[in-house]
Amino acid sequence: ALEDCGGSSKRKQEMHSQPPRRCIICFDNTHAGESVCCGADGAHALCDGCFVQHADTLEQYRITGSAGRVPCPATGCSRVFDASSIAEAYVRTRESVRLERYLERVLPNAAPPTVQAADAETEWRAQTLANELLGKLSIRCPQCDIVVDPNPDGCRALRCAHCGCYFCWVCFFQEITDQRLHLHVHREHGDLYLAQRHVDAAHRFWRRRVVRDFVLGIDEPLREAVVHHARAALAAPELQDPQLPRVAA
């Protein structure tokens, strides 16, 4: 059973006396006892509700690639939330079923062994680039770059709830009006409600291209170390690319 980790009323008053943080997903103000941050500086805060939703909808290859931890959804951030922050957020929201589901996804994923790098700087660069690559595989709004719901329902012509951008869920093409976007989806993909299997196929192609372009853009001496760090995620069948060496988990 889950118990409230909020503490006594005195502790709550102390937490609310601190400057509020702004959740990077819903943009609501939140406090230390009801949010998590990916680093001690508190730069990227998520309220407990948004964090749990982010963790629940996170693709399995990103969970695996982060050794079972939750990567930060902020653009360009390669940090992950530590295990205690993850557990506390689930406990505070009293989401026992969702916590159990998360643990089922995480427990089989052991942390990958350390790459035998020439020095600590090379090791750090390799891990940073590997995290950056995994971050690029999340589907984001093509205009504001915020992470979007990976499984939207209904029409494939979408509007970003954050910046108002109109874009195609199949190929991420942007349009200036809702009407023009619907015309694009119908003309290019044949159906405003294109079957999910076709959408999944388009997204697999897109992710393979992202992986190929990113890995081939890394200097040869560092490339192997980066692939090693990200190998658990890159070994997923949907990310295998004939132009790159096959990656084994």
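**Salt bridges, aromatic pairs and cores in a predicted model**

Asp-48 and Arg-92 join their side chains in a salt bridge, with 2.6 Å from N to O. Asp-48 belongs to helix H2 and Arg-92 to helix H4 (residues 83-92), so the pair ties together parts that are 44 residues apart in sequence. Both partners lie under the 20% limit for burial. Asp-48 counts as buried because its relative accessibility is 7%. Arg-92 is at 17% and counts as buried too. The model is predicted.

The structure holds 3 salt bridges. Side chains of opposite charge can pair when their charged atoms come close. Glu-175 and Arg-180 form one of these bridges, at 2.9 Å from N to O. Glu-175 is buried, at 16% relative accessibility. Arg-180, at 43%, counts as partly exposed. Arg-187 and Glu-188 also meet through their side chains in a salt bridge, at 3.5 Å from N to O. Here Arg-187 is exposed, with a relative accessible area of 56%. Glu-188 is partly exposed, at 47% relative accessibility.

The overall figures are as follows. The protein has 249 residues, of which 44% count as buried. Its secondary structure comprises 10 helices and 9 strands. Among contacts with a separation of 6 or more, 55% join residues 24 or more positions apart. The exposed surface is about 13700 Å², and carbon and sulfur atoms supply 51% of it.

Both partners of the H2–H4 bridge recur in the surroundings of Ser-35. Ser-35 sits in strand S3 (residues 35-37). With 4% relative accessibility, Ser-35 counts as buried. Its side chain makes a polar contact with the side chain of Arg-21, at 3.1 Å. Beyond four places in sequence, Ser-35 touches Arg-21, Thr-30, Leu-46, Cys-47, Asp-48 and Arg-92.

Helix H2 (residues 48-57) also holds Val-52. Val-52 is buried, at a relative accessible area of 1%. Its C-alpha lies 6.9 Å from that of Ala-89, although the two residues are 37 apart in sequence. Outside its neighbours within four places, Val-52 contacts Ala-89, Tyr-90, Thr-93 and Arg-98.

Phe-51 is another residue of helix H2. Phe-51 counts as buried because its relative accessibility is 0%. Excluding residues up to four places away, Phe-51 touches Val-36, Leu-46, Val-70, Phe-81, Ile-86 and Ala-89. Phe-51 and Val-70 are 19 residues apart along the chain, and their C-alpha atoms are separated by 9.2 Å.

The structure holds 3 aromatic pairs. In one of them, Phe-51 and Phe-81 meet edge-to-face, with 4.9 Å between centres and 75 degrees between planes. Phe-51 is in helix H2 and Phe-81 in strand S6 (residues 80-81), so this pair ties together parts that are 30 residues apart in sequence. Phe-51 and Phe-81 are both buried. Trp-169 and Phe-172 have ring centres 6.4 Å apart and planes at 85 degrees, so they too are edge-to-face. Both Trp-169 and Phe-172 are buried. Together with Trp-206, these two residues form one aromatic cluster.

Trp-169 is also prominent in the largest nonpolar core. That core has 35 residues, and Trp-169 and Val-226 touch the most other members. Elements giving two or more residues are helix H6 (120-136), strand S7 (157-159), strand S8 (166-168), helix H7 (178-189), helix H8 (196-216) and helix H9 (220-229). H8 supplies the largest share of this core, 6 residues. Val-226 touches Ala-126, Leu-129, Ala-130 and Ile-218, leaving aside residues up to four places away in sequence. A second, separate core has 18 residues, including Cys-38, Val-70, Ala-74 and Ile-86. Val-70 and Ile-86 are also among the residues that Phe-51 touches.

How values were computed
Residues numbered from 1 in each chain as written. Predicted model: local features only at pLDDT ≥ 70, side-chain atom pairs only at ≥ 80, totals over all residues. Heavy atoms only, no water. Helix = DSSP H or I, 4+ residues; strand = E, 2+ residues; numbered from the N terminus. Buried < 20%, exposed > 50% of the residue type's maximum accessible area, 1.4 Å probe, protein only. Polar contact = N/O pair within 3.5 Å; in protein donor to acceptor, adjacent residues only side chain to side chain. Contact = heavy atoms within 4.5 Å. Areas by Shrake-Rupley, 256 points an atom, 1.4 Å probe, with all protein chains shown as cover. Phe/Tyr/Trp six-rings, centres within 6.5 Å; stacked < 30°, edge-to-face > 60°. Core = buried A, V, L, I, M, F, W, Y, C linked by side-chain atoms within 4.5 Å. Salt bridge = Lys/Arg side-chain N within 4 Å of Asp/Glu carboxyl O.
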